[in-house]
Every structure is written in structure tokens, then in C-alpha cells.
Amino acid sequence: MIVLGIETTCDETAAAVVERQDNGKGRILSNIVLSQTTEHAAFGGVVPEIAARAHVEMLDYIIAKAMAEAGKKFNEIDGVAAAAGPGLIGGVIVGLTTAKAIALVNEKPLLAVNHLEAHALTARLTDGTLFPYCLFLASGGHTQILAVLGVGNYVKLGSTVDDAIGEAFDKTAKLLGLGYPGGPLVEKEAASGNPQRFALPRPMAGKPNADFSLSGLKTALRLEAEKIAPISDEDVRDLCASFQQAIVDVVADRLRTGMKLFRERYGTPTALVAAGGVAANQTIRKTLHRIAFEVGTVLVVPPPELCTDNGAMIAWAGAERLALGLTDTLDTPPHARWPLSAEGAGRQPAAAPKPAAS
Ligand code: KG4
Ligand code: ZN
């Protein structure tokens with residue numbers, strides 16, 4: 001089964017061709033990702049209108065490149081998958097509409113994939129991870145702990161009530177004048193800073209649910225920086241180290257709670273899977289290793305290019321759904337919000353209301 005996957009929910013224009021064998025194993029035939037980082041850098045974050053326009057300009061070319069690299073023609077694929085949300089709606093519309101056009105013209109099934117579901121299933125493509133497993137997804141837009149029980153069967157154990165972890169890193173970097181994206185820059189400064197110098201809060205620590213809250217941490221950091229202004233290079237390093245340590249402590253506390261909830265309900269997970277750009281952070285990754293070890297499971301982290309947004313994860317989720325006959329109709333709408341909760345569980349988004357017959 002060969003599926004084309006299209007990803008345009010944020011600031012990556014991406015397309016990939018992935019094969020799913022009958023035994024459930026996957027193989028990436030091509031995976032093209034064009035990042036718009038430079039377009040957004042001056043603004044310290046993703047500008048939705050700029051993102052949507054950049055997707056329109058580049059998507060045809062990226063798809064053609066993915067098909068050419070895979071050595072496939074449209075009549076040789078079995079389905080067309082696109083991320084139908086959640087994400088910046090302009091970009092989602094571009095990707096989903098393009099997928100619909102390719103599916104319609106070539107008479108192929110459409111797979112409207114939930115972007116979070118695609119992150120959740122990537123470990124099955126890269127590592128053949130078996131259900132049930134626990135997913136820690138931490139990117140610029142999402143922070144969630146999910147029980148991944150089967151294709152289309154996901155239960156949210158916890159999520160952020162305000163900022164995502166990557167967003168907190170980005171805002172910290174912006175505040176300290178480090179640049180964008182902030183995560184790697186803050187990590188670099190933190191490496192030679194003093195994590196004990198500033199007493200920052202550990203929001204939500206000890207709460208019985210597995211939710212996160214990060215906006216207070218960001219405010220606390222700003223107040224500390226203002227107190228000692230003008231800040232020196234050493235201050236920046238210490239602020240970054242103290243911030244990163246607070247995040248690490250919060251991740252450890254929240255994940256321990258998430259794992260406890262998982263085990264009470266579903267037993268020991270086959271793995272703790274990490275996804276999203278934040279998983280690139282070495283200090284956070286060490287913590288994830290420790291948590292997995294504590295509960296007697298292993299940590300699975302897909303390679304960085306498959307942890308961050310890409311077309312292969314969309315194609316793979318599409319292939320997993322196609323194998324189960326879970327195809328979507330051409331009137332499937334794009335979604336800015338599309339929770340991957342027990343209720344929403346990876347089902348196809350509700351069709352737009354039909355105009356009343358007259
Ligand atoms: O998954 P991703 O590439 O894109 C989406 O947000 O969808 O994640 C990007 C986010 C950014 O907020 C970036 O600052 C963060 O991941 N990030 C990191 C690191 N590398 C990327 N955060 C902390 N430490 C890092 N090394
Ligand atoms: Zn993502």
C-alpha cells in the first residue's frame with residue numbers, strides 16, 4: 001500500500017510517499033520538508049498569513065519532488081493523505097484542498113489525517129512500536145500526554161492549559177533577545193549557566209491530573225530578568241539554565257503522573273514515545289529516559305526529522321487508516337481545532353452542515 005502524505009498545518013510545507021507492507025511494517029520512499037523558518041524569524045514566531053501564502057507557493061513543487069524521488073506516478077499510489085487539522089486554518093485549507101484535487105482527478109481515496117494522530121503513530125513507522133504506548137508530544141503548538149491504544153483509539157491523559165513547551169522556550173528566547181526558534185538557543189545558553197540561581201515556579205507540580213501550565217513560568221522569568229536589568233551574558237546563561245531546569249522538573253512531575261494514570265487504566269505501556277521538536281532537547285530527553293526506566297518500559301524517540309513536522313508521518317497515519325478502510329469523503333472540512341481525545345479519537349472530522357433542501 002503506497003500513500004502520498006501532505007503536511008501544511010504550521011510552518012513546514014511537506015510531502016512524502018510511504019509504503020505500508022501487509023505485515024504492518026513501513027518504508028519511507030521520499031520525505032521532502034521545506035521549512036519557512038526564515039520567513040517568520042523576524043517576527044519571533046509563525047505568522048499565519050505568511051505561512052498560508054508560502055504553502056500555496058511551494059506545495060505543488062514539494063509534492064512533485066516527493067513523487068519524483070519515490071519514483072511513483074499518481075496512478076501508482078493507493079491513497080492521498082493530508083493533515084486536515086488541527087493547525088493554522090489557512091495552511092490546513094491549502095494542504096487538504098490539494099489532496100482532494102489529486103484524489104478526485106486520480107480516483108484515489110482521501111485520508112483526512114489528524115496531525116496529532118500522525119505524531120502519535122510515527123513510532124510504529126520508525127520502530128514498529130506495539131499498542132498500547134504512552135506518547136509525550138511537545139512542540140511549538142502542542143503539549144500532550146496521550147494513551148495510544150490503537151489506530152483511532154487515543155485517550156488524552158494531560159495537556160497544557162495555556163502555552164506549549166516549545167512556545168515557552170520560544171518566548172523565553174525572544175525575551176532574552178536570542179532569536180527564533182528559541183529551543184536550541186536556550187538549550188545552548190543553559191549548558192553553561194547556573195540552574196539554581198533563579199527560583200522559578202514549577203506550575204501544576206503535584207496535581208493529580210497530568211495537565212501542564214507554562215504561562216506563569218514565562219512571566220516569572222520576565223520578572224526575574226527585569227529585577228536585574230540590564231542583563232549580562234552570564235545572566236542570560238543563568239536565566240536559560242534556571243528556566244530549562246524548571247521545565248525539566250515540570251515534565252518529570254507531569255509525566256510521572258501521566259504514567260501512573262496510564263498504568264492504572266491500561267497496564268504497563270510497551271514504550272514511552274516522545275515526539276515534537278522539544279524532544280531534541282538533551283536534558284529533557286535524559287529525564288524521559290529516567291521516567292521510562294522507572295516504570296519498567298523503554299523510551300522510543302523517532303529520528304529528529306520524523307519527530308518534527310513532516311509528510312511521512314501524515315502518509316503513514318493515512319496508510320494505517322486506509323488498511324482499516326477508514327477513508328474520508330471529499331466534503332471533509334479543514335479544522336483549526338480538532339482534539340484527539342477519547343470522544344474525538346482520530347475519527348474523521350464531522351462533515352460541514354449541508355445546506356437545507358429547498
Ligand atoms: O515539532 P516542531 O518542529 O514544530 C511545531 O511546533 O509543530 O517543534 C518546534 C518547537 C519550537 O518551539 C522549538 O523552539 C522547540 O520545538 N525546540 C526545542 C528544541 N529544539 C526545538 N525546545 C527545546 N530544546 C530544543 N533543543
Ligand atoms: Zn506537529
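User: In this predicted model, what makes the approach of Gly166 to ligand 1 a polar contact?

Analyst: An oxygen atom of ligand 1 is 3.1 Å from a polar backbone atom of Gly166. A polar contact requires a pair of N or O atoms within 3.5 Å, and the Gly166 pair, at 3.1 Å, therefore qualifies.

User: Which polar side-chain atoms lie 3.0 Å from an atom of ligand 1?

Analyst: Asn281 places a polar side-chain atom 3.0 Å from a nitrogen atom of the ligand. For Asp309, a polar side-chain atom lies 3.0 Å from an oxygen atom of ligand 1. With the cut-off at 3.5 Å, both pairs therefore count as polar contacts.

User: How much of ligand 1 does the protein bury?

Analyst: Taken alone, ligand 1 exposes 550 Å², and the protein buries 88% of that. Two elements, α5 (165-175) and α6 (182-190), each give two or more residues to the surrounding shell.

User: How many residues surround ligand 1, and what is the shell by class?

Analyst: The ligand is surrounded by 18 residues, the closest being Gly140, Asp170, Gly183, Glu187 and Gly277. By class, the shell holds 10 polar, four nonpolar and four charged residues. Glycine is counted as polar, so Gly140, Gly183 and Gly277 belong to the polar class.

User: Why are β3 and β5 described as standing at the edges of their sheet?

Analyst: The five strands of this open sheet follow the order β3-β2-β1-β4-β5, with mixed pairing. Each of β3 (26-35) and β5 (110-114) has a single partner strand, so one side of each is left without a neighbour in the sheet. Neighbouring strands are turned by 20 degrees against each other on average, direction ignored.

User: What makes β2 and β3 a pair?

Analyst: Pairing requires at least two bridges between the strands. Nine bridges join β2 (residues 12-20) to β3, so the criterion is met, and the two run antiparallel. Within this pair, Ala15 stands opposite Ile32 in β3.

User: How do you know that β9 and β10 also pair?

Analyst: Three bridges join β9 (residues 271-275) to β10, against a requirement of at least two, so these strands pair; they run parallel. The bridge partner of Ala271 in β10 is Val298. Both strands belong to an open sheet of five strands in the order β8-β7-β6-β9-β10, in which β8 (153-159) and β10 (298-300) are the edge strands.

User: Which helices lie across strands of these sheets, and at about what angles?

Analyst: Helix α2 (residues 48-70) lies across β1 (2-7), β2 and β3, at about 25 degrees to β2. Helix α8 (residues 233-266) lies across β6 (133-138), β7 (143-150), β8 and β9, running at about 20 degrees to β7.

Notes. Residues are numbered from 1 along each chain as its sequence is written. Chains are lettered from A and ligands numbered from 1 in the order in which they are written. This is a predicted model: local features need pLDDT of at least 70, side-chain atom pairs count only at pLDDT 80 or more; totals for chains, interfaces and linings use all residues. Side-chain values use heavy atoms; hydrogens and water are left out. A residue is near a molecule or strand if one of its heavy atoms lies within 4 Å of it. A polar contact is a pair of N or O atoms within 3.5 Å; within protein, one must be able to donate a hydrogen and the other to accept it, and residues adjacent in sequence count only if both atoms are side-chain atoms. Accessible areas come from the Shrake-Rupley method with a 1.4 Å probe; for residues, only the protein chains shown count as cover. Helices (H or I, at least four residues) and strands (E, at least two) are DSSP runs, numbered from the N terminus. Axes are lines fitted to C-alpha atoms, for helices over the stretch in contact, and angles run from 0 to 180 degrees between N-to-C directions. Contact means heavy atoms within 4.5 Å.
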